[in-house]
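User: I'm new to this one and I'd like to understand the labels people put on it. Can you walk me through them?
Analyst: Sure, have a look first and then ask away.

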Amino acid sequence: MADKAEESGPKPFLRIHNISKHFADVRAVDEVSLDIQQGEFFCLLGGSGSGKSTLLRMIAGLETATSGHIEIEGQDVTNVPPWNRPVNMMFQSYALFPHMNVEKNIAFGLKQDNWPKAEMDARVQELLDLVQLGEYGKRKPNQLSGGQRQRVALARALARKPKVLLLDEPLSALDKKLREETQRQLVAIQKEIGTTFIMVTHDQEEAMSIATRIGVMDEARLIQVEAPREMYERPANKMIAGFIGQVNLFEGKVSRKGKTQTITSMDTGSLLEVVDNTKLEDGQVVWIAVRPERVLLKTNPKGRAANKANGKLTDIMYLGGITHIQVTLDSGSPVRITISEHWDEDEAKLKLGDAVQISFEKRAARLLVE
Amino acid sequence: MGFGSLKRYLVILPPMLWLGLFFLIPFFVVLQVSLADPALTRPPFTAIFTWDGWWPTGFLGDLENYKFLLSDSLYINSYWNSIKIAAIGAFVCLIIGYPIAYVIARAHANMRNTLLLLVILPFWTSSLLRVYALIGMYSPNGFINSTLSWLGIIDTPLQLMQTDFAVYSGIVITYLPLMILPLYAALEKLDGDLMEAASDLGATPLATFWRVTLPLSLSGIVAGYLLVFIPSVGEFVIPALLGGPDQLMIGKTLWTEFFNNRDWPVASSVAMIMLAFLVIPMMFLRNTQGSREA
């Protein structure tokens, strides 16, 4: 998909081309290419050790690339030292200077760029207002709460009006409630100032709720780049399907090809049909991915047809708005189901151990070849 | 007084006794001698109290010795010279010690202890021995001069001994670990993210050093500086062995008064004033450490 943008789309704002980083004999980032447009809120998502932070640090210039190059607005910055790059980074530890008060922390970069005093003061005040810390300018970092420190770090990183703002797990140190609130603030601030944001996170929910596009990294490689909805609906492989949200995977062999592809699955003990135009071979091993909310549950198991399987109810977890249900199929495979409409156990007269039937639409499933 | 505080007093009693016996009592003895007059007796000074049994009835002491110190430029010069040499010597230690401490603090964790050991190792040999080693290096037929003349670079030996340079090298070789250790402690605590943040915000490595590293290691600089400065002021061995005859340091003057002139009262007043000079920076050191912990 990145290739297509290279040919037809507007010139990318930030282009990462075939970049690699090797530490001794470890490949931290392996031939990653990525184009990011101006004004995007891009999330690099991946587990620890996936290389996402190293990629971010290479954009910042804090790590030098082993090979490949990085361009910002058409200018090659691969070998530009960090202090000369038009990007700024917000650190996971916030890295606020403990010997300077909030104002001086925010003004650090401006002073480095020799801003006149009056303009510098105005800019600092503007940023303090932006992050709603107007009255805290004279405080030292150790006199602030975690959430306030986080906002100072954001203001400081934005002070020099960077072309790209890099955020390294900026919310990981906040508790859950504050984190959700801060996510919203971050999105609002990004919309207000229009700066391109690139954020690293290991939290897929965070990425889903914030990002305009997500890039998933695994084992030093960039696996898939998509908008959140497309990423969820059309994961590229089993790893991403399981990483972005929950998923039921049924392994099977291709038995009939066509517009509707048919798979014989041992996991469900039945034929599975899915609408998919992937080129397949007879007998090829594939996986059918179905999201828990796309699985339907029936209380009277009757008949055997495609995309249906019988089993027993083995777990009900009522969470109020939604209910998680687990069914163990006769083949032994577990299936997770999420029901979001009002669920009343008495009404459904379901209890653990009852025989049930699961089914799903052939358009609700996704065929994965790896 | 509860049992807890009683225990606490028991714990601090031995060090208090030690200080009382070997610091406080000698201090008052020296103070008393400094107020007395020299006499051809044994010990060679007059008593400053008249006694009636156990009770002192009269005070005969005076500040004549202190006035004498002010009247003779020899003493003022020695004090000034001592403070100057100690201040410059401590500064040289700082200039040499800071990069060393920085490199150790930034070294890989499993290298740090080895490097620290290399810094402390010379400290385990006698400081006198180390100063004698310098004489072996600097003397007219010492290592440096003989090597240079063997190489044909010089004809006549360089005057290295009895110079300021020799005295400063003596201070460095004697006190450098006292500078490096507090600097290392301050630099090691420094978060590497702060340096990266500074360079990300447009600071060149030099600017990062001035605006972040140096201010954040200030407590270590003050501690290290005073730890070198304080013993250097009263230093006797280094100026005596390495310094020239014109280099009057207060330790040497003190020695001359005591053992050559046998003027104990004047020597004692010299010592008292030196003590005052040293107590002031020590109080300063205590204050900075207190505020660092707060």
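**Salt bridges first**

Analyst: In this predicted model, the side chains of A:E169 and A:K52 form a salt bridge, with 3.7 Å from N to O.

User: What makes the pair A:E169 and A:K52 a salt bridge?
Analyst: The cut-off is a side-chain nitrogen of Lys or Arg within 4 Å of a carboxyl oxygen of Asp or Glu. The N to O value for A:E169 and A:K52 is 3.7 Å, so the pair qualifies under the 4 Å limit.

User: Why say that A:E169 and A:K52 tie parts together?
Analyst: A:E169 sits in the loop between β7 (164–168) and α6 (176–193) of chain A, while A:K52 belongs to helix α2 (residues 52–60) of chain A, so the pair links parts 117 residues apart in sequence.

User: How many salt bridges are there over all chains?
Analyst: The search of the whole structure gives 16. Between chain A and chain B the count is one. A:R57 and B:E196 meet in a salt bridge, at 2.7 Å from N to O.

**Where the chains meet**

User: What is known about the contact between chain A and chain B?
Analyst: 22 residues of chain A touch 18 residues of chain B. The two chains bury about 1,800 Å² between them, and 62% of that is on carbon and sulfur atoms. On the chain A side, A:W83, A:F108 and A:Q112 lose the most area to chain B, together 33% of what that side buries.

**Helices in chain B**

User: Why are α7(B) and α10(B) called roughly antiparallel?
Analyst: The axes of helix α7 (residues 164–188) and helix α10 (residues 218–233), both of chain B, cross at roughly 155° and come within 7 Å. Angles over 145 degrees count as roughly antiparallel, so α7(B) and α10(B) get that name. α7(B) passes α10(B) in a right-handed crossing.

User: Which residues of α7(B) and α10(B) meet?
Analyst: Among them are B:I171, B:Y175 and B:L178 in α7(B), and B:I221, B:Y225 and B:L227 in α10(B). By class, the contact of α7(B) with α10(B) has 13 nonpolar, four polar and no charged residues.

User: And why are α5(B) and α7(B) called oblique?
Analyst: The axes of helix α5 (residues 127–138) of chain B and α7(B) come within 10 Å and cross at roughly 140°. That angle isn't over 145 degrees, nor is it under 35 or in the 65 to 115 range, so α5(B) and α7(B) are oblique to each other. This crossing of α5(B) past α7(B) is right-handed. B:R130, B:L134 and B:Y138 of α5(B) are among the residues in the contact, as are B:F165 and B:I173 of α7(B). The contact of α5(B) with α7(B) divides into six nonpolar, four polar and one charged.

**Backbone details**

User: How do you know that the peptide bond from B:R42 to B:P43 is cis?
Analyst: Omega for that bond is near 0°. B:P43 lies in the loop between α1 (3–35) and β1 (49–52) of chain B.

User: What is noted about the phi of A:E31?
Analyst: A:E31 has a positive phi of about 45°, although A:E31 is not a glycine. A:E31 belongs to strand β2 (residues 26–36) of chain A.

User: What does A:A227 touch?
Analyst: Leaving out residues up to four places away in sequence, A:A227 touches A:T212 and A:R213. A:A227 is in the loop between β10 (221–226) and α8 (228–233) of chain A. The C-alpha atoms of A:A227 and A:I214 are separated by 5.8 Å, though these residues are 13 residues apart along the chain.

Definitions and conventions: Residues numbered from 1 in each chain as written. Chains lettered and ligands numbered in written order. Predicted model: local features only at pLDDT ≥ 70, side-chain atom pairs only at ≥ 80, totals over all residues. Heavy atoms only, no water. Axes fitted to C-alpha atoms, helices over the stretch in contact; angles between N-to-C directions. Helix = DSSP H or I, 4+ residues; strand = E, 2+ residues; numbered from the N terminus. Left-handed = near helix turned anticlockwise from the far one by under 90°. Contact = heavy atoms within 4.5 Å. Nonpolar A, V, L, I, M, F, W, Y, C, P; charged D, E, K, R; others polar. Buried area = accessible area lost by both parts, 1.4 Å probe.
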